[in-house]
Amino acid sequence: MKISIIKIGGNVIDYPDKLEEFLVLFAKFPGHKILVHGGGVMASRFGESLGVMPEMVDGRRITDKDTLDVVTMVYAGLINKNIVAKLQALHVNAIGMTGADGNIIRSKKRPVKEIDYGFVGDIQEVNTTLIDHLLNGDLLPVINAITHDGKGQLLNTNADSIASALATSLAVDHQVNLYFCFNKSGVLIDEKNENSIIPLINEDIYKELKKEKVIHSGMIPKLDNAFEALRKGVNYVWIGKAENLHLAAKGKLSGTIIEQQRYDLY
């Protein structure tokens with residue numbers, strides 16, 4: 001089975017018009033697919049309205065009990081069910097899920113080291129059997145950034161990590177492509193120039209770009225995750241703007257493709 005894992009973030013979710021446009025494209029995206037989403041900006045906004053102020057360290061959210069309540073309500077409730085309803089209106093039989101639903105993603109609470117991140121989960125296991133059943137039953141999973149520990153505790157979990165974990169777990173038995181939709185046109189030589197896209201990156205190119213400090217530091221974790229996914233069997237990873245997803249599906253130049261190193265044998 002060919003499966004596409006597609007992750008969207010706040011640059012789509014926080015703008016109703018952009019979300020509507022994306023979901024129209026997503027509904028037409030060919031083959032079996034899974035949508036993964038976060039929604040941190042919206043969670044911060046709702047938290048502030050309730051007197052729960054966001055606390056971030058190096059871009060990571062500290063998740064105390066009150067914050068966990070907020071992100072669960074926003075991710076698993078407001079955002080997830082709105083997306084599912086909109087997909088149903090587009091005749092896509094979507095099903096919204098946290099990691100706890102069907103025991104689909106189990107995590108463990110991140111251990112306290114220099115920083116106590118609170119109720120943040122590090123992924124341990126993905127229930128690929130259930131995902132196979134859903135996809136074979138023509139259901140489209142819409143998975144949000146909440147997982148569980150198997151002992152009754154929900155955990156806030158990075159949506160990029162969820163998308164990668166789903167992709168690598170499913171790649172054991174399927175051909176999987178992973179798509180990260182974010183606010184840039186792709187991996188850029190000049191982060192201020194949307195036309196400076198690097199269309200293809202393999203590990204040799206990546207090492208050289210890092211050595212020359214061409215790639216913006218904020219992109220390095222995404223690329224490190226991408227290559228880790230490739231090493232674990234994912235076919236290829238695409239990074240680009242959500243509105244270009246339909247072009248990526250047709251194999252047209254529309255973002256950056258990250259692929260495993262290939263060697264010719266003589």
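This briefing walks through the overall build of the chain and then its salt bridges. The model is a predicted one, and the protein chain contains 9 helices and 14 strands. Its radius of gyration is 18 Å, close to the 18 Å that the globule rule gives for 266 residues, so the chain is as compact as a globular protein of that length. Across the structure there are 9 salt bridges, and a few of them are worth a closer look below.

**Overall build**

- Taken along the principal axes, the C-alpha atoms fill a box of roughly 55 × 45 × 35 Å.
- Of the 266 residues in the protein chain, 48% are buried.
- Among contacts with a separation of 6 or more, 68% come from residues 24 or more positions apart.

**Surface and charge**

- The protein chain has an accessible surface of about 13,300 Å², and carbon and sulfur atoms account for 51% of that area.
- There are 30 positive and 32 negative side chains, and the centres of these two sets lie 2 Å apart.

**A buried salt bridge between helix α6 and strand β1**

- Asp160 and Lys7 form a salt bridge through their side chains, with an N to O distance of 3.1 Å.
- Asp160 belongs to helix α6 (residues 159-170) and Lys7 to strand β1 (residues 2-8), so this pair ties together parts that are 153 residues apart in sequence.
- Asp160 has a relative accessibility of 13%, and because buried means under 20%, Asp160 counts as buried.
- Lys7, with 11% relative accessibility, counts as buried too.

**Salt bridges between helices α7 and α8**

- The side chains of Arg231 and Glu203 meet in a salt bridge at 2.8 Å, N to O.
- This pair links distant parts of the chain, with Arg231 in helix α8 (residues 220-231) and Glu203 in helix α7 (residues 203-211), 28 residues apart.
- Arg231 counts as partly exposed, at 47% relative accessibility.
- Lys210 and Asp224 also meet in a side-chain salt bridge, here at 4.0 Å, N to O.
- Lys210 sits in helix α7 and Asp224 in helix α8, 14 residues apart, and the pair links distant parts of the chain.
- Both ends of that bridge are partly exposed: Lys210 has a relative accessible area of 36%, and Asp224 has one of 34%.

**A shared network**

- Glu203, Glu228, Arg231 and Lys232 are joined into one network by salt bridges that share partners.
- The Arg231 and Glu203 bridge described above involves two members of this network.

Technical notes:
Residues are numbered from 1 along each chain as its sequence is written. This is a predicted model: local features need pLDDT of at least 70, side-chain atom pairs count only at pLDDT 80 or more; totals for chains, interfaces and linings use all residues. Side-chain values use heavy atoms; hydrogens and water are left out. Helices (H or I, at least four residues) and strands (E, at least two) are DSSP runs, numbered from the N terminus. Buried means under 20% relative accessible area, exposed over 50%, partly exposed in between (1.4 Å probe, protein chains only). The radius of gyration is taken over C-alpha atoms; the globule rule is 2.2 Å times the number of residues to the power 0.38. Contact means heavy atoms within 4.5 Å. Accessible areas come from the Shrake-Rupley method with a 1.4 Å probe; for residues, only the protein chains shown count as cover. Lys and Arg count as positive and Asp and Glu as negative; His and the chain ends are not counted. The place of a charge is taken as NZ of Lys, CZ of Arg, CG of Asp or CD of Glu.
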